[in-house]
Amino acid sequence: MKKHYAFLVDSEKCIGCFTCAMACRNYYHQVEGVVWRHVYPLGEGIYPHRERAFFSLACNHCENPACLNVCPVEAYTKREEDGVVVHHQEKCIGCGNCIRSCPYGAPVYNPVEKRAEKCSLCHERLDAGLLPACVQSCPTGALKLVDLATMEPGNEIQFPAGFPRNEKVNPSTRFIMPKVPTLVRR
Amino acid sequence: MQSMELPLVLFTVLSQAAVGMVLMSAVRGFAGHESGSARNEWTLVAGLMGLGIAASLFHLGHPLEAYRALAHLEKAWLSREVLAAGAFLALAAGAAAVGGGRGALLWGAMLAGLATVVASGMTYAPPAFPALNNALPTVFFLISAVVLGAGFANWFAGPGSQALLARICATALVTGLVVRLAVPCVWLSGGEVMRLSGLAWLGSPLYWASIAVLAACLGVLWKNRTIPVWLPILALLGELAGRAAFFAETVHTAVNIGNLY
C-alpha cells in the first residue's frame, strides 16, 4: 500500500504555544501577512472549560483536493508516492480560485509574488528523511506526521467539532480530542 | 466581509447581460419579430462580453498569463468558463461583422452563452461556501442574464417585440426578487456558516441596494408596460450591487474553524 502522509493533531497535548507556526515561518520566511500554519483556539461551544484547547492546522493534503480540482492552470499536483499536495508556484497565475475553493483556507495569496501558496508538508525535508519543520519543532509532541496507510486505528477522528466536515475532499489530517479537565473541589 | 472582487463582479454581470441579449434575440426570432438594428445589437453583445473579459484580467495576479487558464478543461470549471466565454465572444464578434446573427451563428452563440453562465455558476459554487455550494449561483446568474438581456435587447427591438420583452423582463425581475429575498432567510435555518452568510447578506447595504433598485425597475415596468431606454442601465447598477454582495458577504467555512459548524 502506498504511503499517505498526514498530520496528527493531538489537542490533548497541544498547549497553543504557536511554536509550529513560528517554525514554519522560520523555515520558509513567508512574506508579511502570509501564514501557512494557524493555531485555532477551540470555542466555548466545543470545549466549555476554563482550560483551553487548540487545533494546529495547515494544508490537510486531501485525498480529493479542491485546490487541485479547481486550478485552471494545473499548478497543483498530488505526489503519487506519499499523497502530499504540492503547489507549483511558477505555474500559478494568481486567479485565487484555490483560495476561494479550499474549505480549510489552506492556500493563501502572496501579495508580493501575486500568486497563491500553501503548506507543502515540507516534502523536500521528507525526501531527505527529515520531519516537517512544524512537527520537528513541537515541544509537546502534539503535532505528528503519520502514514494513514499503516497507522493503527486508535482514538483519532477525522472530523471533530470545530473542523469543517467536507467528506468529498476527504482531508487527511487526524485529530485526538482533548479530555475533559479534572475538576478538583475543596 | 471578504473582498468585493470587482473584476469578477464586472465580468459575471456584463457577460450575463451579453448572453441574455443573445437569448432575447433568439426569443424574438422564434416569435417571428424582426430586429431593428442587428449589427448594432451584436456589436453591443460582443462589446459587453469583451469588456467583461477585459475586466476579469484585472483579477489575476499575472494577467499576461491568462491564456494558460485553458489548461485544465478536464476538471476545472474556471477553464471551461474561459473557453465558453472566449467562444461566445468570437461568435458574437463574427455575428457583428456579418451584420447580425442568424441560424448556426445564433445557435452557436446561444449554446456558448448558456455554457458560460453554467460554467460561471459552477465556478462560484465551491465547497468552501456552503451557502453557495449548490445550484444557486447558476440560478442567480440565469436570472441576471434574462433581466439584463431583455432590458438591453429592447434598445434594438422593433415595436412588435417591446411588449414581449417587457413581460419577460418583469417576470425575471419578480423571480429574481423572490429568490433574492427568500434565499438568505432560508440560510438562517442552515448550518453555522450558512447562517452567518444569511445574516451577512441581510445586513448588507449592497444587498438591500440591489433589492431596492430591482424593485424600482419592476415598479417602472408595472406602470409603463414597456421598457424605458434608461431602465437597463438602472437594472445593471442593481445587478452590480447584488453581485458585489454575492462575492463580499458570503461566508467562507475557514472563518469559523475552532467553533461549531
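1. Two strands pair if DSSP finds at least two bridges between them. Strand 1 (residues 5–10) and strand 8 of chain A clear that bar: they run antiparallel and are joined by 5 bridges. Helices (H or I, at least four residues) and strands (E, at least two) are DSSP runs, numbered from the N terminus. A word on what you're looking at: this is a predicted model, where local features need pLDDT of at least 70 and side-chain atom pairs count only at pLDDT 80 or more, while totals for chains, interfaces and linings use all residues. Residues are numbered from 1 along each chain as its sequence is written, and chains are lettered from A and ligands numbered from 1 in the order in which they are written.

2. Staying with strand 1 of chain A, it belongs to an open sheet of 3 strands with mixed pairing and the order 8-1-9. Strand 8 and strand 9 (174–176) of chain A are the edge strands, each pairing on one side only. From one strand to the next, the twist averages 30 degrees (axes are lines fitted to C-alpha atoms, for helices over the stretch in contact, and angles run from 0 to 180 degrees between N-to-C directions).

3. Now for the pairs themselves. On the strand 8 side, Tyr5(A) has Asp147(A) as its bridge partner. On the other side, strand 1 and strand 9 of chain A pair in the parallel sense over 3 bridges. There, Val9(A) stands opposite Phe175(A), and Asp10(A) has Ile176(A) as its bridge partner.

4. How many of the 6 residues of strand 1 of chain A are buried? It's 5, so the strand is largely enclosed by the rest of the structure. The cut-offs: a residue is buried if 20 or more other C-beta atoms lie within 10 Å of its own, exposed if 12 or fewer, and partly exposed in between, with C-beta atoms placed from the backbone.

5. Helix 1 (residues 19–28) of chain A buries Cys20(A), Ala23(A) and Cys24(A). Seen down the helix axis, these buried residues fall within an arc of 100 degrees, so they line one face of the helix. That arc is the one for directions from the helix axis to the C-beta atoms. As a reminder, an α-helix has 3.6 residues a turn, so residues three or four places apart point the same way. The cover over the buried residues of helix 1 includes strand 3, helix 5 (133–137) and strand 8 (143–147) of chain A. Contact here means that the C-beta atoms of two residues, placed from the backbone, lie within 7 Å.

6. Strand 3 of chain A deserves its own look. Phe54(A) and Ser56(A) point one way from it, Phe55(A) and Leu57(A) point the other way, and all are buried. Strand 3 pairs with strand 2 of chain A in the antiparallel sense over 4 bridges; one of the partnerships puts Phe55(A) with Tyr40(A).

7. Two backbone oddities to check by eye. Most residues other than glycine have a negative phi, and most peptide bonds are trans. His29(A), which follows helix 1 of chain A, has a positive phi, near 50 degrees, and it sits in the loop between helix 1 and strand 2. Leu121(A) has a positive phi of about 55 degrees although it is not a glycine; its loop runs between strand 7 (115–117) and helix 4 (123–127) of chain A. Which of these is buried and which exposed? His29(A) counts as exposed, with 8 C-beta neighbours inside 10 Å, whereas Leu121(A) counts as buried, with 26.

8. Lys78(A) lies in strand 4 (residues 76–78) of chain A and counts as partly exposed, with 16 C-beta neighbours inside 10 Å. Not counting residues up to four places away in sequence, Lys78(A) touches Pro65(A), Leu68(A), Gly83(A) and Val85(A).

9. On to the partner chain. Chain B has 9 helices and 0 strands. Its radius of gyration is 18 Å, close to the 18 Å that the globule rule gives for 261 residues, so chain B is as compact as a globular protein of that length. The radius is taken over C-alpha atoms, and the rule is 2.2 Å times the number of residues to the power 0.38. Of the 261 residues of chain B, 50% count as buried.

10. Last, the interface: 35 residues come from chain A and 26 residues from chain B. Elements giving two or more residues to chain A's side are strand 2 (38–41), strand 3 (54–57), helix 2 (66–70) and helix 3 (97–101).
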